[in-house]
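Got the viewer open? Here is a short tour that tells you what to select next and what you'll find there.

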Amino acid sequence: MSKTPAPSRPRSPKAPKTAAAKRKAGKRVKAPPRMSPEAVEEMFRRFSDAMPEPKTELEYHNPYTLLVAVVLSAQATDKGVNKATRGLFAMADTPQAMLDLGEDRVRDAIKTIGLFRNKAKNVIALSRTLVDEHDGQVPRDRAQLEALPGVGRKTANVVLNVAFGEPTMAVDTHIFRVGNRTGLAPGKTPLDVEMGLLAAIPQPYLQHAHHWLILHGRYTCLARSPKCGVCPVADLCLYPDKTAT
Ligand code: SF4
């Protein structure tokens, strides 16, 4: 007598793995852990003790050359930008001088930087706007800065912070990573992280926080292999996969 095959069991649906998939499946998503206010205060106290006056690594002479350097730094290293801007700023360090230099010579001066053709266009276009609409001056105003060609929120934040001393937070790839990894200001977008950092960091540290976090991300909390073993804030950081080195 032949055996009747056992009815196959209905397969249970796979559990969604990512937060987005869980949300779609109607599951509750656990909020990422956040550092306590005491830990945040201690983190910045240590950064401040180690480097009371952090500076940008971009070379510049005035607010205008800072603005140009930051525009050129998109998807490029500060070192690479400095190498190109030394020659460029020796020839032109005002919007009018840049217009007089012309797009071809700007392009030639920055040709070692990625996306140089487009960046040369933007440098000339923003210089034209500064001359025509702002008397050749860099405006101390977010909306006016963001209206300049090639200038987004991050660039405006750097200029407001470095040139005008405002406590803004320009979230680049390093700050986005550090903000999320440590639990300092977890967020899905740079704007989420920016707002989280502005809310979490105590006022006295806000002015320099942008530089401390960039330097921390650039030299210690590296993208692929963070140096947790020598990290000065390892005991405060909530990253679950700390390295031994
Ligand atoms: S402990 Fe590691 S992950 Fe945490 S901040 Fe330091 S380097 Fe980054």
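One term before we click on anything: two residues are "in contact" here if their C-beta atoms, placed from the backbone, lie within 7 Å. Keep in mind, too, that you're looking at a predicted model.

**Stop 1: leucine 197.** Select Leu197 and show what surrounds it. Skipping its neighbours within four places in sequence, leucine 197 is in contact with Met169, Gly179, Leu184, Ala185 and Ala209.

**Stop 2: the core.** Now widen the view. Leu197 belongs to the largest nonpolar core, which has 55 residues, and together with Leu67 and Val159 it is among those with the most contacts inside that core. Colour residues 63-72 next: this is helix H3, and with eight residues it gives the most to the core. Try colouring by domain as well. At least three of the core's residues come from domain 1 (37-54 + 168-230), and at least three from domain 2 (63-162).

**Stop 3: proline 204.** Move to helix H12, where you'll find Pro204. Is proline 204 buried or exposed? Somewhere in between: a residue needs 20 or more other C-beta atoms within 10 Å to be buried and 12 or fewer to be exposed, so proline 204, with 13, is partly exposed. Add Pro167 to your selection and draw a distance. The two prolines are 37 residues apart in sequence, and their C-alpha atoms are 9.5 Å apart in space.

**Stop 4: four cysteines.** Select Cys221, Cys228, Cys231 and Cys237, which an unreviewed UniProt entry annotates as "binding site". They are spread over 17 residues of sequence, yet they cluster in space, with a largest C-alpha distance of 10.6 Å.

Take two of them one at a time:

- Cys228 sits in the segment after helix H12 (203-219). Cysteine 228 is partly exposed, because it has 17 other C-beta atoms within 10 Å. Beyond its neighbours within four places in sequence, Cys228 is in contact with Ala234, Lys242 and Thr243.
- Cys231 is in the segment after H12 too. Cysteine 231 is partly exposed because 18 other C-beta atoms lie within 10 Å. Leaving out neighbours within four places in sequence, Cys231 is in contact with Thr220, Cys221 and Cys237.

**Stop 5: the ligand.** Finally, show the ligand and its surroundings. Which residues come nearest to the ligand? Of the 13 around it, they are Cys221, Pro226, Cys228, Cys231 and Cys237. Colour the shell by residue type and you'll get eight nonpolar, two polar and three charged residues.

Note on methods: Residues are numbered from 1 along each chain as its sequence is written. This is a predicted model: local features need pLDDT of at least 70, side-chain atom pairs count only at pLDDT 80 or more; totals for chains, interfaces and linings use all residues. A nonpolar core is a set of buried Ala, Val, Leu, Ile, Met, Phe, Trp, Tyr and Cys residues joined through C-beta atoms within 7 Å. Helices (H or I, at least four residues) and strands (E, at least two) are DSSP runs, numbered from the N terminus. Domain bounds come from an automatic or database domain assignment. UniProt positions are given in the numbering used here, feature names are shortened, and annotations may be inferred rather than shown by experiment. A residue is near a molecule or strand if its C-beta atom, placed from the backbone, lies within 6 Å of it. Ala, Val, Leu, Ile, Met, Phe, Trp, Tyr, Cys and Pro count as nonpolar, Asp, Glu, Lys and Arg as charged, and the others, Gly among them, as polar.
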